[in-house]
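Colleague: Could you walk me through this one? I would like to go over it by question and answer.

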Amino acid sequence: MAGGGGGTEDLNLVPYLDIMVNLIMFMVTVTAYIVQLKQAPIIAPTYGSGGGGGDQKPFLTVAIGTTQMQILGGSSGGNGAGGAETIKKGDWAKLNSRLKQLKDTVPNLADNLVVSADRAVPYKEVIKAMDAVRLDVSGQPLFPNVTLATVVNK
Amino acid sequence: MSVDAKESRLVDDEMLLRRRRHRKIDGGIEGLNLTAMMDIMTIILVFLIKQYESAPDNITLTDDLMPPKSSTPDELEPAVTLTLSQGAVLLDGIKVFGLVNHQPDTADGWGALGKALSVRRDQLKMIEKASGKPFDGALRVIADENTPYDTVSQVLLQAGREQFTKFKLILQAGGSK
C-alpha cells in the first residue's frame, strides 16, 4: 500500500484553523447587522353583547389625533375618571405624568388602558404612546396592559 | 516498492526523529503550538453560534419594512407571523396581496387576508388534533413604522375575526422610555 509503514505524523491544523478564522469572521459580520427585535403584547378588543358590565372598573383611553392627543375617562358603570383632557401631540412626558397623576388619584382605576388613533396616524406614534403609558418615570408599571382600538369600516 | 527505496525511507524517518530529538535537547523553537489557539477559536465559534441562534428567525428588515423602536423588554416568541410592509402583506413569509397607498390591490380587499388567516388557522387546528399542540391564537405582527393606523387596525380586525387574538407587535429594541 502506498505510504504504508510510515511513522505517525502530527495532525495538520493549519487548514482547520483557516476554516475557523473564516467562520468567525462571517459570524461576527452577520451578527453585527442583526437588529435586535422585541415584542409588545397587546390586548385585542373583544366582540360581544357586553353583558351589562355594571361592576367594570373605570378605565382610560388615550386617543391620538393628527395634531393633538386626548386622555378620555370612562367606565360602563359611570363611576370614575370621566371627562377629557387635551395634550399636545408628541409630548409623551406630559402624557406619562398626567396618567401617573390620574392613576394615583382615581380610585380603583383599571390597569388596562385603551389606545386609539386617527386613521392617518403613523404606527410609530401609536407605539410611542404605548411606551409612554407602560411605565412611569421611575420604571414602575403604570398601565402595562394596552388594548388597541380598531377602526371598523361601516 | 524496491528495497532501496524502503531503506532510503527508513533512513529519512530516522533522520527526522533524530532532528526532532536534537531540537528538544537544545530547547530551540519547536514550531507554533496551534492546539491552544484552536481551543480559543472553538470557544469563540460556539459563543457566536449561540448568539446567532438567539437572533430572530426569518425577519429581514429593509427600508420597506422598518418596525418602530420601542422600550418594551419582552423577548420574541414563536408564532404565526404577519408582515405588513409598505408594499405588501405577507403571512408566514408568503405574499397575500400587494398594497397600493396602504390599501389592498385585490378585489377582495382586506377579506383576502381574512381568508388566508382562516386557512392558516385551520392548518394549526389540524396540527392541534394530530399532535396535541394547542392552537393559542398567537400572531406576531411586524409593520413598517410609517404604516397608517387604519391599515394596522384592518389587519388586527381581520386577525381577530379568524380567532387570532393574542397579538404581539414586533418592534426594534432601543426606543426611549
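Colleague: In what order do the elements of chain B run from the N terminus on?
Modeller: Happy to help. This is a predicted model, in which local features need pLDDT of at least 70 and side-chain atom pairs count only at pLDDT 80 or more, while totals for chains, interfaces and linings use all residues. Residues are numbered from 1 along each chain as its sequence is written, and chains are lettered from A and ligands numbered from 1 in the order in which they are written. Helices (H or I, at least four residues) and strands (E, at least two) are DSSP runs numbered from the N terminus; chain B has four helices and seven strands, and their order is α-α-β-β-β-β-β-α-β-α-β.

Colleague: Is α4(B) largely enclosed or not, and why?
Modeller: Helix α4 of chain B covers residues 149–161. A residue is buried if 20 or more other C-beta atoms lie within 10 Å of its own, exposed if 12 or fewer, and partly exposed in between, with C-beta atoms placed from the backbone. Among the buried residues of α4(B) are B:Y149, B:V152 and B:L156. Ten of its 13 residues are buried, so α4(B) is largely enclosed by the rest of the structure.

Colleague: Which residue with a positive phi follows α4(B)?
Modeller: The helix itself reaches 18 Å from first C-alpha to last, close to the 18 Å expected (1.5 Å times one less than its number of residues). After α4(B), phi is positive, near 70°, at B:Q163.

Colleague: Is B:L76 buried, partly exposed or exposed?
Modeller: B:L76 is found in the loop between β1 (69–70) and β2 (80–84) of chain B. Because B:L76 has 17 C-beta neighbours inside 10 Å, it counts as partly exposed.

Colleague: Which element gives the most to the side of chain A that touches chain B?
Modeller: Contact here means that two C-beta atoms, placed from the backbone, lie within 7 Å. By that rule, 36 residues of chain A are in contact with 47 residues of chain B. α1 (14–32), β1 (37–43) and α3 (123–134) of chain A each supply at least two residues of that side. The most, eight residues, comes from α1(A).

Colleague: Which strand of chain B pairs with β1(A)?
Modeller: Two strands pair if DSSP finds at least two bridges between them. Here the pairing is antiparallel, over seven bridges, and A:I42 has B:F167 as its bridge partner. The strand of chain B is β7 (residues 166–173).

Colleague: Which strand pairs with β5(A) over five bridges?
Modeller: Five of the six residues of β5(A), residues 112–117, are buried, so β5(A) is largely enclosed by the rest of the structure. β5(A) pairs in the parallel sense with β6(A), residues 145–148, over four bridges, where A:N112 stands opposite A:N145. The parallel partner over five bridges, residues 59–64, is β2(A).

Colleague: Which element gives the largest share of the largest nonpolar core?
Modeller: A nonpolar core is a set of buried Ala, Val, Leu, Ile, Met, Phe, Trp, Tyr and Cys residues joined through C-beta atoms within 7 Å. The largest has 46 residues, and those with the most contacts inside it include A:L113, A:V126 and B:V141. The largest share of this core, seven residues, comes from α3(A).

Colleague: What average pLDDT does chain A have?
Modeller: pLDDT is the predictor's confidence in each residue, from 0 to 100. It stays under 50 over residues 76–80 of chain A. In chain A, 77% of the residues score at least 70, and the average is 78.
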